[in-house]
Amino acid sequence: MQLVVARIGRAHGIKGEVTVEVRTDEPELRLAPGAVLATDPSSAGPLTIATGRVHSGRLLLRFEGVADRTAAEALRNILLIAEVDPDEVPEDPEEFYDHQLIDLDVVTRDGTMVGRITEVSHLPYQDLLIVKRPDGAEVMIPFVSEIVPEIDLEEQRAVIDPPPGLLDPAQAEIASSREDT
């Protein structure tokens, strides 16, 4: 199975290094020197990682055959894809691969069916579960333990404890008001 593990950013320096936006919880495994990664678009790859280092909090990679800034800049916005065994699971039992979450049923603590996970959106500050409701509407659920306290892969379900207004905007609570104070 193929998983997107990074997106190539801009060139860094003059020797072919690029910044990367990491999209894996295991960059030390997936983005290590010697790793051969498929690409999207596929015409750009496969790419073999020659070196990797962290600079000012950003991961910098250099690929075999990419020796200068011009060649590095040509790789910008290309997705890096790793081949992963579908039965492989993360070391941390509280972590999940996207493919494990897609198609899970989503239910509230009391068992009310909410919908099915169709996508996992990775944002800079948190991940969102995109859930398709039975009526066809979509709802975005922050993938944090306070709202998603349980993932049961055996039962193929995610249990949520949604705050008021998450599933039904009419039930939202107003936290403060700017009226006369």
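Which strand does E17 lie in? Hi everyone, let's start there. E17 sits in strand β2, which covers residues 17-22. Before I go on, please keep in mind that this is a predicted model.

Now, is E17 buried or exposed? E17 has a relative accessible area of 13%, and the cut-off for buried is under 20%, so E17 counts as buried. Its side chain has a polar partner too: a contact of 2.8 Å links the side chains of E17 and R53. If you leave aside residues up to four places away in sequence, E17 touches A11, H12, R53, L60, L61, R62 and A72.

Let me pick L61 out of that list. With the same neighbours in sequence set aside, up to four places, L61 touches G16, E17, V18, V20, L31, I49, T51, G52 and L80. L61 also belongs to the largest nonpolar core, which has 23 residues. Which residues have the most contacts inside that core? They are I8, L31, L61, F63 and L80. The elements that give two or more residues to this core are β1 (2-12), β2, β4 (47-55), β5 (58-63) and β6 (79-83). The largest share, five residues, comes from β1. There is also a second, separate core of 16 residues, and L104, V131, A158 and I160 are among its members. As a bit of background, nonpolar side chains in soluble globular proteins tend to be buried together.

On to the sheet. What is the strand order in the open sheet of six strands? Going across, the order is β10-β9-β8-β7-β12-β11, and the pairing is mixed. The edge strands are β10 and β11 (150-152), and each of these pairs on one side only. From one strand to the next, the twist averages 35°.

Let's zoom in on two of the pairs. Strand β9 (residues 127-132) and strand β10 (residues 138-142) run antiparallel, joined by five bridges. V131, which we met in the second core, stands opposite V139 in β10. These two strands form a hairpin with five residues between them. If you like checking backbone angles, look at G136 in the turn, where phi is positive, at about 95°. The other pair is strand β7 (residues 105-108) with strand β8 (residues 113-122), again antiparallel, this time over three bridges. Here V106 has G115 in β8 as its bridge partner.

V139 brings me to one more residue, D168. Where does D168 lie? You will find D168 in the segment after β12 (157-160). D168 and V139 are 29 residues apart in sequence, and their C-alpha atoms are 9.5 Å apart in space. Why does D168 count as partly exposed? Its relative accessibility is 32%, and partly exposed covers values between the buried limit of 20% and the exposed limit of 50%, so D168 belongs in that class.

Let me finish with the whole chain. How many helices and strands does the chain have? There are three helices and 12 strands. Of the 181 residues in the chain, 35% are buried. The chain exposes about 11,300 Å², with carbon and sulfur atoms supplying 48% of that area. And for those of you who think in contact maps: among contacts with a separation of 6 or more, residues 24 or more positions apart account for 46%. Thanks for listening!

Note on methods:
Residues numbered from 1 in each chain as written. Predicted model: local features only at pLDDT ≥ 70, side-chain atom pairs only at ≥ 80, totals over all residues. Heavy atoms only, no water. Helix = DSSP H or I, 4+ residues; strand = E, 2+ residues; numbered from the N terminus. Buried < 20%, exposed > 50% of the residue type's maximum accessible area, 1.4 Å probe, protein only. Polar contact = N/O pair within 3.5 Å; in protein donor to acceptor, adjacent residues only side chain to side chain. Contact = heavy atoms within 4.5 Å. Pairing = 2+ DSSP bridges. Axes fitted to C-alpha atoms, helices over the stretch in contact; angles between N-to-C directions. Core = buried A, V, L, I, M, F, W, Y, C linked by side-chain atoms within 4.5 Å. Areas by Shrake-Rupley, 256 points an atom, 1.4 Å probe, with all protein chains shown as cover.
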